[in-house]
Amino acid sequence: GYSLNIADICPVGAWTSRDFRFKQRVWFLKKTPTICLGCATGCLVEAHHNENTIYRLVPRPNPETNTWLCDHGRLTYKAVQAGDRLTKGVIKNGLIDFEPALREAAARIDEARGAGAVAVLGSPWLSVEDNAALARLAKDALKTENYCFDFSFEQGIKDGILINKDSAPNANGTKLVKTAHGGLSLEELTRRITAGQIKVLLAEAHAAGLIKDALKTAAPRLIVFAANRGEIPAGAYATLPYTSYFETPGTFINYQGLRRRTEPSVEAPEGVKPLWTVVNKLAAYSGTSLRLDSAEDALKGIAFK
């Protein structure tokens, strides 16, 4: 729905959003321009925040995508501050400090790597930078050909206003990574998993959901990246936390092919790192330096139009 837009257009401020009402005086709020990652439309938004807390998202009207903002998009910031936000790793169902969780994940990856049975799945929910870092991990550190950045979804506005048929924000961004780094089709990776050829799979939590039937059938050891505990797929062996895109810059390509960037509004919880940093550390534990000292380092070889 779009009911929360009423608060934006009310000329005297009599209409207020129940989500925001009286939680913070408006004049205390700082404003950071960023983008909505609720779907492939990629609306421009402004995050209003104070003292490391986001209080609301409002639209940044522009001629390319949006004047308004859908209610779902307005509330996407809540995951950043949710009670199930991960600040530690998870092994099976137990919380564990990040570095020991990373070491355990790396040890399981190395076991499978020796047999050529490790795979990496990119994600249309991750930035171009983070996907590119995962591609580098697969090719340069793990030296596996079992990796996939192949996501094609039907795109277009489904409600005649803003909401996209594609609920992922960056399927078009993954195409740039696939062009630069190659990899398997999603169908071929799924076939190899189902055939039992993959013993360890690294994947972002939402992307793992795209192949859940194959994972259930073959049950490889699943190592996932997730920001919130509620995202963790059933049966995941290890979960590594990473920063939200309200906390770190990232590049996304919307359904129109427009290149847009998230900008940090708040700081991540202590010890939680951007995904490209987590990937860099995993590579180091596997004996390879990817030399990813910044998000931009991962973009080498990526050709933006």
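Two strands pair when DSSP finds at least two bridges between them. With that in mind, here are close-up views of a predicted model.

**View A. Strands β1 and β2 run antiparallel.** The two strands are joined by 6 bridges, with β2 covering residues 44-50, so they satisfy the requirement of at least two bridges. To pick out one of the contacts, start at Ile 35 and look across to its bridge partner in β2, Leu 44.

**View B. The β1-β2-β3 sheet is open and antiparallel.** Its 3 strands follow the order in the title. β1 (30-35) and β3 (53-59) stand at the edges; each has a single partner strand, so one side of each is left without a neighbour in the sheet. On average, neighbouring strands here are turned by 30° against each other, direction ignored.

**View C. An open sheet of 7 strands shows mixed pairing.** Reading across it, the order is β5-β4-β10-β9-β8-β6-β7. The edges belong to β5 (94-96) and β7 (147-148); because each has a single partner strand, one side of each lacks a neighbour in the sheet. At the β5 edge, 3 bridges join this strand to β4 (residues 89-91), and the two run antiparallel. Follow Ile 91 across and you reach its bridge partner in β5, Gly 94.

**View D. The largest pocket holds about 550 Å³ of space.** It is lined by 25 residues, and those closest to its centre are Leu 37, Thr 76, Ala 79, His 206 and Glu 231. Sorted by class, the lining has 12 nonpolar, 10 polar and 3 charged residues.

**View E. The largest cavity has a volume of about 70 Å³.** It belongs to a set of 2 cavities of 30 Å³ or more found in a search of the whole structure. Several cysteines contribute to its lining, namely Cys 36, Cys 39, Cys 43 and Cys 70. Gly 38, Gly 42 and Gly 73 also line this cavity, together with Thr 41, Leu 69, His 72 and Leu 162. By class, that makes 6 nonpolar and 5 polar residues, with no charged ones.

**View F. The second largest cavity holds about 40 Å³ of space.** Ile 35, Cys 36, Leu 37 and Gly 42 are among its lining residues. You may recognise some of them: Ile 35 is bridged to Leu 44 in View A, while Cys 36 and Gly 42 also line the largest cavity. The rest of the lining is made of Pro 169, Phe 252, Ile 253, Asn 254, Leu 258 and Arg 260. The classes here are 7 nonpolar, 2 polar and 1 charged.

**View G. Two arginines are placed over aromatic rings.** Arg 221 lies over the face of Tyr 237, at 4.4 Å from the ring centre. In the other example, the charged end of Arg 259 sits over the ring of Phe 304, 3.7 Å from its centre. If you are curious about ring-to-ring contacts as well, the count comes to 3 aromatic pairs. Such a pair of rings is described by the distance of the centres and the angle of the planes.

Definitions and conventions:
Residues numbered from 1 in each chain as written. Predicted model: local features only at pLDDT ≥ 70, side-chain atom pairs only at ≥ 80, totals over all residues. Heavy atoms only, no water. 1 Å grid on protein atoms, 1.4 Å probe; cavity = no way out; pocket = protein on both sides within 12 Å on 5 of 7 lines; lining within 4 Å. Points joined across faces, edges and corners; volume = space filled by probe spheres on them. Nonpolar A, V, L, I, M, F, W, Y, C, P; charged D, E, K, R; others polar. Phe/Tyr/Trp six-rings, centres within 6.5 Å; stacked < 30°, edge-to-face > 60°. Lys NZ or Arg CZ within 6 Å of the ring centre and 35° of its normal. Helix = DSSP H or I, 4+ residues; strand = E, 2+ residues; numbered from the N terminus. Axes fitted to C-alpha atoms, helices over the stretch in contact; angles between N-to-C directions.
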